[in-house]
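Here's a quick walk through one protein, with an eye on how its parts meet and how its ligand sits. Have a look at the sequence and the structure first.

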Amino acid sequence: MNDFDLLVLGSGPGGQRAAIAAAKLGRRVAIVDRRNMIGGVCINTGTIPSKTLREAVLYLTGLNQRELYGQSYRVKDEITVADLGMRTQHVIGREVDVIRSQLARNRVTVMPGTGRFLEPNAVGVSSGSDHDREQKITADRIVIATGTRPARPDTVEFDDRAVIDSDGIINMERIPETMVVVGAGVIGIEYASMFAALGTKVTVVERRERMLEFCDLEIVEALKYHLRDLAVTFRFRETVASVERMARGAITVLESGKRIPADTVMYSAGRQGMTDGLGLAAAGLAADHRGRIKVDEHYRTEVPHIYAVGDVIGFPSLAATSMEQGRLAAHHACGEPVHELHELQPIGIYTIPEISFVGRTEDELTEAKVPFEVGISRYRELARGQIIGDSYGMLKLLVSPEDRRLLGVHVFGTGATELVHIGQTVMGCGGTVDYLVNAVFNYPTLAESYKVASLDAMNKMRHIARLSE
Ligand code: FAD
């Protein structure tokens with residue numbers, strides 16, 4: 001008999017949820033991770049530190065209060081990394097505690113160290129690089145949830161001081177006066193907006209023509225406008241040729257010949273799957289060139305008793321999705337009936353201001369020749385928008401004129417990542433815009449924007465109907 005029914009490699013959102021779901025089904029479960037990485041990238045270096053940092057930045061800079069109290073409003077004049085780090089460390093500590101307690105309550109055995117395959121059903125766990133002292137563990141089923149690390153281009157010399165990747169943000173010694181962010185993906189833009197809010201002069205360099213191209217164009221334009229207002233410079237269609245380290249800071253040299261000096265250069269150039277030390281070959285598996293593992297619709301790899309979930313399988317690489325993948329994989333591994341991951345997956349981008357959406361964009365619908373009507377509500381026309389001093393926020397509904405179902409919900413501004421779930425619920429339940437028109441919302445709230453946007457869409461559709469009578 002094997003030591004465990006299910007063994008999980010990695011304690012990030014995917015691994016954690018897989019372990020707990022299997023334990024709830026009465027299975028003997030173990031989870032392996034380094035002692036200082038319980039909770040994964042999500043808790044220790046990624047989602048939670050970055051979102052806490054954002055909250056600390058918003059509070060200390062008083063940015064969201066300036067419309068009401070004037071442009072000079074600040075909670076603290078000289079913000080230091082210690083001010084920011086204090087809140088981050090506090091939240092990380094609490095979150096790690098919660099996870100440890102959940103694993104303990106569910107009798108999941110936590111094995112400190114890293115694991116590598118010795119055989120398809122056996123993993124060696126060691127807490128250092130010394131494989132001689134490795135402990136062999138066997139299991140009927142294994143879930144790989146080892147996540148990713150920031151990709152580091154060979155051409156760039158990282159020193160973790162002036163030239164860093166996103167993991168280096170939480171170890172910064174001071175808030176830079178100037179910063180270059182290479183890569184305008186979600187992580188790059190989130191950090192660019194936080195540092196810009198802190199007063200850092202940020203330059204974003206991006207090879208592509210636009211940023212966040214999977215988002216609604218109008219909303220991305222609104223974000224760009226706001227970031228420019230915070231003194232962010234965008235360099236689109238520009239490629240970094242080299243980064244020259246200087247006594248103080250570094251110069252980013254672009255292929256176009258531009259030289260951009262900055263105290264800090266942050267590379268946000270994608271992520272690499274954590275599979276190189278996993279000994280995949282011993283299990284009969286292989287990863288692609290970005291370290292990712294291929295899975296089927298049940299998160300099974302090519303070796304049927306081995307599953308993989310979370311960032312290590314690639315898109316969408318979100319904590320939110322990884323959790324659900326972990327739960328579904330564990331249920332499948334335990335022979336429970338499973339459904340597929342719901343196709344409606346929300347996207348939240350914690351820039352300042354934040355963005356969130358669910359469903360399709362205008363561009364996607366146009367491309368697919370699906371007709372739609374747009375309903376818009378602007379926060380400045382809502383009493384709650386005035387009360388909180390958010391005059392730029394907006395909610396946009398894309399509605400089918402054929403059956404009045406919601407095709408997409410796009411939100412920009414305060415509370416966007418929370419508000420989107422109202423639209424997601426209506427869409428997920430197959431609801432139409434009629435429900436939102438007829439529903440009574442608390443007043444004054446931002447949620448009321450759903451009613452306003454629905455009325456806007458309805459009025460436009462009515463107008464067209466009247467003209468064609
Ligand atoms: P991860 O969280 O990646 O953790 C993997 C774990 O596996 C690590 O603890 C690692 O130590 C361990 N491991 C690696 N190799 C081994 C081994 N051989 N043996 C044992 N253990 C091993 N997502 C969101 O949904 N919302 C956000 O706002 C958001 N913001 C982000 C901000 C940043 C800066 C970053 C970097 C990511 C962000 N993400 C966000 C993405 C999110 O963090 C990831 O999608 C999520 O953490 C992936 O979960 P995972 O289960 O794949 O494991």
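Which side chain meets D363 in a salt bridge? R210 is the partner, with 3.9 Å from N to O. Bear in mind throughout that this is a predicted model.

Some layout helps to place that pair. The domain assignment splits the protein into three parts: domain 1 covers 4–150 + 272–333, domain 2 covers 163–269, and domain 3 takes 353–468. So much for the bounds; on to the domain 2 and domain 3 interface.

The centres of domain 2 and domain 3, taken over C-alpha atoms, are 32 Å apart. Where the two touch, 11 residues on the domain 2 side contact 14 on the domain 3 side. Interface size is often quoted as the accessible area lost when the parts come together. Here domain 2 and domain 3 bury about 1,000 Å² between them, and 69% of that is on carbon and sulfur atoms.

What about charges and polar pairs? The rule picks out 3 salt bridges across this interface, and 2 residue pairs between domain 2 and domain 3 are in polar contact, both residues at pLDDT 80 or more. By class, the face of domain 2 that touches domain 3 is made up of 7 nonpolar, 1 polar and 3 charged residues.

Now for the ligand. There are 35 residues around it, and G14, D33, T47, K51 and D311 come nearest. Some backbone atoms also line up with polar atoms of the ligand:

| Residue (backbone polar atom) | Ligand atom | Distance |
|---|---|---|
| G10 | nitrogen | 3.5 Å |
| P13 | oxygen | 3.5 Å |
| M37 | oxygen | 3.3 Å |

How much of the ligand does the protein bury? Taken alone, the ligand exposes 1,000 Å², and the protein buries 94% of that.

Technical notes: Residues numbered from 1 in each chain as written. Predicted model: local features only at pLDDT ≥ 70, side-chain atom pairs only at ≥ 80, totals over all residues. Heavy atoms only, no water. Domains from an automatic or database assignment. Contact = heavy atoms within 4.5 Å. Buried area = accessible area lost by both parts, 1.4 Å probe. Salt bridge = Lys/Arg side-chain N within 4 Å of Asp/Glu carboxyl O. Polar contact = N/O pair within 3.5 Å; in protein donor to acceptor, adjacent residues only side chain to side chain. Nonpolar A, V, L, I, M, F, W, Y, C, P; charged D, E, K, R; others polar. Near = heavy atom within 4 Å. Areas by Shrake-Rupley, 256 points an atom, 1.4 Å probe, with all protein chains shown as cover.
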